[in-house]
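Dear colleague,

Please find below the structure that I am handing over to you. I should be grateful if you would look it over before reading the notes that come after it.

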Amino acid sequence: MGDPRNVAHAKKVSQEKHHKDKHASKTGSAPQRAKNVQTEKKEAASVAERTTPKAETAKPPQPLEPTQLEKSLVVLSKLKELEFHSRANIEKLAELSLTIEEELKQKPFAEAIGDVYAAQNAFQSKILKLIEEYEAECARLKPA
């Protein structure tokens, strides 16, 4: 017998070959598939050749603007997501504050959570202002 690695490799190769043959029988014979693939490649190349000159002449004068606008809109979306989570955090902090203060009567922690609430509220105000300014910038970037 040969090296076990060689035997394992030969087994793997034969399984792959069997799998390919089995798959080929479902989709048609191998020569037909090869012919179809070659035809498709030729058609794709001829379509690309026909459309390439037209695409070059029809390009907008400022190709960077749509990309910059698209990226800016993604940033705006992420800022709005941050604002949404900030609002949710404020609501949760308010609930926790009530629980700590009224139900558990833990005054030192109530003050600490009040500080966190104030910081989150300040963040909320700043993110809203930033979103408003960034929306104006996105509107400016939009083509007329």
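The notes below concern the salt bridges of this structure and the residues that form them.

Please bear in mind that this is a predicted model. A search of the whole structure finds three salt bridges. As general background, side chains of opposite charge can pair when their charged atoms come close.

One salt bridge joins Glu-135 and Lys-80, with 2.9 Å between the closest N and O atoms. Glu-135 belongs to helix α4 (residues 107–141) and Lys-80 to helix α3, so this pair ties together parts that are 55 residues apart in sequence. Glu-135 counts as partly exposed because its relative accessibility is 33%; Lys-80, at 38%, is also partly exposed.

Another salt bridge links Glu-83 with Arg-87, whose closest N and O atoms are 2.8 Å apart. Both residues lie in helix α3, four residues apart, which means that about one helical turn separates them. Glu-83 is buried, as its relative accessibility of 9% is under 20%, whereas Arg-87 is partly exposed at 38%. Helix α3, in which Arg-87 lies, spans residues 64–103. The C-alpha atom of Arg-87 is 8.5 Å from that of Gln-120, a residue 33 positions away along the chain.

The remaining salt bridge is formed by the side chains of Arg-140 and Glu-137, at 2.6 Å from N to O. These two residues are three apart in helix α4, and therefore about one helical turn separates them. Arg-140 is exposed, with 57% relative accessibility, while Glu-137 is partly exposed at 30%.

Yours sincerely

Technical notes: Residues are numbered from 1 along each chain as its sequence is written. This is a predicted model: local features need pLDDT of at least 70, side-chain atom pairs count only at pLDDT 80 or more; totals for chains, interfaces and linings use all residues. Side-chain values use heavy atoms; hydrogens and water are left out. Buried means under 20% relative accessible area, exposed over 50%, partly exposed in between (1.4 Å probe, protein chains only). A salt bridge is a side-chain nitrogen of Lys or Arg within 4 Å of a carboxyl oxygen of Asp or Glu.
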